[in-house]
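Take a walk through this fold, one stop at a time. Keep the sequence and the structure side by side as you read.

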Amino acid sequence: MLLRSGRRKPYDVSLRGRQSVKRQSLLRTGKTASGKSVFSLRETLKCYILTEDSKTVHFDIDEDGHHEISTKDSQSHEDIAWLSVFTRNEPAVTDSKNLVILTQRSKLNKFVLLCKGKKQLSLKVLKASCSEPDYPSVERCNMKTCNHEDPDFKQLSEDNHFFIMHYQGDSVQFQCYEDKSYYLYVNDDSLDIRKPENKQPNEDKNFYFRVSYLPEK
């Protein structure tokens with residue numbers, strides 16, 4: 001069954017209508033000269049990212065390091081995305097509420113980050129915020145307080161990891177934060193980044209997506 005709730009912004013959605021993984025945490029990378037963090041994490045929401053044709057966005061890195069960035073007609077647990085909303089810690093920043101990163105859980109149980117490469121999309125592996133140790137002799141983390149349910153945001157260090165999420169009615173557009181001339185784009189059965197031909201991507205549905213938030217359990 002396809003879940004649809006893209007009409008509401010993540011910071012306007014009731015907690016009963018979404019699954020919030022983490023809120024009010026501080027991103028500890030990208031610090032200013034004064035030592036303060038440039039970005040603060042507001043919240044992370046579980047969701048599906050859909051195209052305007054109701055296909056589900058999926059990305060993963062297999063055990064051989066091959067990158068898969070695709071759209072699917074079906075929808076499964078593997079397609080759940082973590083949409084993390086950040087605020088930039090500077091005054092008079094107009095896009096601060098809409099700065100986001102997109103991650104999915106890989107088949108290898110790692111978080112995979114969708115980000116901008118030089119002229120195409122790229123993927124980066126992120127560890128969970130509290131990864132289990134590799135050897136039994138190492139003391140394990142307290143499982144009562146850590147469910148391995150969110151990425152380790154301390155690994156974010158580049159502007160190309162972020163997108164600006166713009167709302168266009170019931171749909172959204174993802175603009176690359178590092179180079180704002182590029183937008184996330186649906187290219188047949190995959191995703192890409194592309195510069196709009198008419199400066200504004202409003203007339204091409206392939207620049208549009210919908211976010212379907214998962215209800216809180």
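Start with a cysteine. Cysteine 115 is buried, because its relative accessible area is just 5%. The model is a predicted one. Does burial bring cysteine 115 a bonding partner? What is the distance from its sulfur to the closest cysteine sulfur? That distance is 9.7 Å, to cysteine 176, which is too far for a bond. A disulfide is a covalent bond between the sulfur atoms of two cysteines. The structure holds zero disulfides. Cysteine 47 is another buried cysteine, with a relative accessibility of 0%.

Now step back to the whole chain. It has 13 strands and zero helices. Along the sequence, the pattern is therefore β-β-β-β-β-β-β-β-β-β-β-β-β. The chain has 217 residues, and 47% of them count as buried. Take the contacts in the chain with a separation of 6 or more: 59% of them join residues 24 or more positions apart. The accessible surface comes to about 12,000 Å². Carbon and sulfur atoms account for 43% of that surface.

Next, look at strand E5, residues 81-88. How many of its eight residues are buried? Seven are, and the strand is mostly covered. E5 has a pairing with strand E2, residues 39-51. The two run antiparallel over eight bridges. One bridge to find on screen joins lysine 46 to tryptophan 82 in E5. E5 also pairs with strand E6, residues 99-105. This pairing is antiparallel too, and it has six bridges. Here phenylalanine 86 stands opposite leucine 99 in E6.

Now turn to the interior. In soluble globular proteins, nonpolar side chains tend to be buried together. In this model, the largest nonpolar core has 30 residues. Which residues have the most contacts inside it? They are Ile49, Leu83, Phe174, Phe209 and Val211. Apart from this core lies another, of 21 residues. Among its members are Val38, Leu50, Ile101 and Cys115. The cysteine from the opening stop is thus part of that core, and it is buried at 5% relative accessible area.

Follow phenylalanine 209 outward. Neighbours within four places in sequence are left aside here. Its contacts include Ile49, Leu50, Thr51 and Glu52. They also include Ser171, Val172 and Phe174. Leu184, Tyr185, Val186 and Leu191 are on the list as well, as is Val57.

Threonine 51 is one of those contacts, and it lies in strand E2. Is threonine 51 buried or exposed? It counts as buried, because its relative accessibility is 4%. Beyond four places in sequence, threonine 51 is in contact with Val57, Thr71, Val186, Tyr208, Phe209 and Arg210.

Serine 171 is another contact of phenylalanine 209. It sits in strand E10, residues 171-176. Serine 171 is buried, because its relative accessible area is 7%. What does its side chain meet? It makes a polar contact with the side chain of glutamate 52, at 3.0 Å. With neighbours within four places in sequence left aside, serine 171 is in contact with Glu52, His166, Tyr208, Phe209 and Arg210.

Tyrosine 208 is on the contact lists of both threonine 51 and serine 171. It lies in the loop between strand E12 (190-194) and strand E13 (209-213). Although it is in a loop, tyrosine 208 counts as buried, because its relative accessibility is 10%. Where does valine 172 lie relative to tyrosine 208? The two are 36 residues apart in sequence, but their C-alpha atoms are 5.7 Å apart in space.

End with two backbone details in loops. Asparagine 109 is found between E6 and strand E7 (111-116). Its phi is near 65 degrees, a positive value in a residue other than glycine. Aspartate 188 is in the loop between strand E11 (183-187) and E12. Its phi is also positive, about 60 degrees, and it is not a glycine. Is aspartate 188 buried or exposed? It counts as exposed, because its relative accessibility is 66%.

Methods. Residues are numbered from 1 along each chain as its sequence is written. This is a predicted model: local features need pLDDT of at least 70, side-chain atom pairs count only at pLDDT 80 or more; totals for chains, interfaces and linings use all residues. Side-chain values use heavy atoms; hydrogens and water are left out. Helices (H or I, at least four residues) and strands (E, at least two) are DSSP runs, numbered from the N terminus. Buried means under 20% relative accessible area, exposed over 50%, partly exposed in between (1.4 Å probe, protein chains only). A polar contact is a pair of N or O atoms within 3.5 Å; within protein, one must be able to donate a hydrogen and the other to accept it, and residues adjacent in sequence count only if both atoms are side-chain atoms. Contact means heavy atoms within 4.5 Å. A disulfide is a pair of cysteine sulfur atoms within 2.5 Å. Two strands pair if DSSP finds at least two bridges between them. Accessible areas come from the Shrake-Rupley method with a 1.4 Å probe; for residues, only the protein chains shown count as cover. A nonpolar core is a set of buried Ala, Val, Leu, Ile, Met, Phe, Trp, Tyr and Cys residues joined through side-chain atoms within 4.5 Å.
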